[in-house]
Amino acid sequence: MTPLDTPPGTTSMTPAEAGRDRRAERILDAAADLLAARGYRRVTVEDVARRTGVGRGTVHLHFATKEALFLTVLMRSQRRMTGRLIEDMRADPAAVLPGELARSAYLLIHHDPVARAVLTADSESLDSLGRSAPMLAGGLVETRERVADGYFEVLRAHGLVRADSPLRLQRHAFAAVLTGFLLSGPAAPGEEPGVEARAGMLAGVVRSAFETPAGPEAVRAAAPEVIALCRSLHDRLHEEIGRQKLT
């Protein structure tokens with residue numbers, strides 16, 4: 001299996017292609033820094049070009065629009081977080097369970113400046129990026145949907161989660177709980193718990209709401225299937241990032 005730090009295709013570039021790829025990565029680095037510092041609406045393509053040390057036209061050689069540029073920034077962040085989740089699952093099969101997955105996702109998003117910037121963006125900016133995603137990366141959207149459904153299908157097949165509600169409703173509830181924890185503030189002034197404590201509480205809530213008392217054998221049996229699903233998303237993200245870079 002290809003290591004996660006060596007995505008498919010990166011070892012077969014010509015020197016010229018590798019140079020263009022490095023330039024695109026510098027543009028993405030600059031865009032990510034500006035997104036985290038200022039937010040999506042306050043960053044222009046000119047700002048990114050200036051931070052990178054290139055002209056605006058050079059940015060557009062790689063990314064046709066501002067939306068394409070920042071969607072690629074977001075995809076790169078998602079690829080990195082997906083890779084970390086896969087590593088956790090390979091190290092400990094219990095990481096595939098919803099409670100542990102929610103804990104890990106919460107911590108990864110909390111410590112990722114790009115993910116936090118997008119999560120806290122105003123609704124207009126989120127709507128703009130959301131409308132652009134199917135047009136710019138429709139295949140990736142379909143893959144993400146397939147993986148999300150497949151995750152719960154695998155867990156249901158192995159008896160690891162409850163099956164007394166429709167799968168799509170269960171999936172929606174899981175996302176709503178995770179998003180709620182990510183967006184919620186302290187219960188009262190001066191009562192802000194630590195990040196690890198909030199992640200632990202989230203894991204407990206998800207565990208109680210979704211999981212069954214199935215044993216470790218079922219977890220070990222499900223883990224390779226979940227990892228394969230996550231790996232398909234990771235690799236699809238890599239492919240789409242390369243396509244968006246126009247390299």
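**View A. Phe174 and its ring partner.** At 11% relative accessibility, Phe174 falls under the 20% cut-off and so counts as buried. This is a predicted model, so treat each close-up here as a look at a prediction. Phe174 pairs edge-to-face with Phe152, at 5.8 Å centre to centre and 70 degrees between the planes. Phe152 belongs to helix α7 while Phe174 belongs to helix α8 (residues 167–183), so this pair ties together parts that are 22 residues apart in sequence. Phe152 is buried as well, with a relative accessible area of 2%.

**View B. The aromatic cluster.** The structure has four aromatic pairs. One of them joins Tyr151 and Phe152, edge-to-face again, with 5.0 Å centre to centre and 75 degrees between the planes. Tyr151 comes out at 7% relative accessibility, so put it down as buried. Step back a little and ring pairs link Tyr151, Phe152, Phe174 and Phe210 into a cluster. If you're wondering about the two numbers quoted for each pair, a pair of aromatic rings is described by the distance of the centres and the angle of the planes.

**View C. Arg171, a buried arginine.** Is Arg171 of helix α8 buried or exposed? Its relative accessible area is 17%, which is under 20%, so Arg171 is buried. What does Arg171 touch, leaving aside neighbours within four places in sequence? The contacts are Glu145, Ala148, Asp149 and Phe152. Phe152 also turns up in the ring cluster of the previous view.

**View D. Ala137 in helix α7.** Ala137 sits in helix α7, which runs over residues 123–157. With a relative accessible area of 7%, Ala137 is under the 20% cut-off and therefore buried. Once neighbours within four places in sequence are set aside, Ala137 is in contact with Glu240 and Arg243. Ala68 is worth picking out too: 69 residues separate Ala137 from Ala68 along the chain, yet their C-alpha atoms are 9.0 Å apart.

**View E. A lysine over a tyrosine ring.** Here the charged end of Lys66 sits over the ring of Tyr40. The distance to the ring centre is 4.3 Å.

**View F. The largest pocket.** Rolling a probe the size of a water molecule over the atoms shows where empty space is left. The largest pocket has a volume of about 1500 Å³. Its lining takes in 40 residues, and those nearest the centre are Gln78, Ile109, Arg144, Leu178 and Leu233. Which helix gives the most to the lining of the largest pocket? That's α7, with 14 residues. Helices α4 (66–91), α5 (98–110), α6 (113–119), α7, α8 and α10 (216–244) each supply at least two residues of this lining. As for chemistry, the lining residues of the largest pocket split into 33 nonpolar, four polar and three charged.

**View G. Zooming back out.** The protein has ten helices and zero strands, so to speak a plain run of α-α-α-α-α-α-α-α-α-α along the sequence. Of its 247 residues, 44% count as buried. Take the contacts with a separation of 6 or more, and 77% of them come from residues 24 or more positions apart.

Notes: Residues numbered from 1 in each chain as written. Predicted model: local features only at pLDDT ≥ 70, side-chain atom pairs only at ≥ 80, totals over all residues. Heavy atoms only, no water. Helix = DSSP H or I, 4+ residues; strand = E, 2+ residues; numbered from the N terminus. Buried < 20%, exposed > 50% of the residue type's maximum accessible area, 1.4 Å probe, protein only. Contact = heavy atoms within 4.5 Å. Phe/Tyr/Trp six-rings, centres within 6.5 Å; stacked < 30°, edge-to-face > 60°. Lys NZ or Arg CZ within 6 Å of the ring centre and 35° of its normal. 1 Å grid on protein atoms, 1.4 Å probe; cavity = no way out; pocket = protein on both sides within 12 Å on 5 of 7 lines; lining within 4 Å. Points joined across faces, edges and corners; volume = space filled by probe spheres on them. Nonpolar A, V, L, I, M, F, W, Y, C, P; charged D, E, K, R; others polar.
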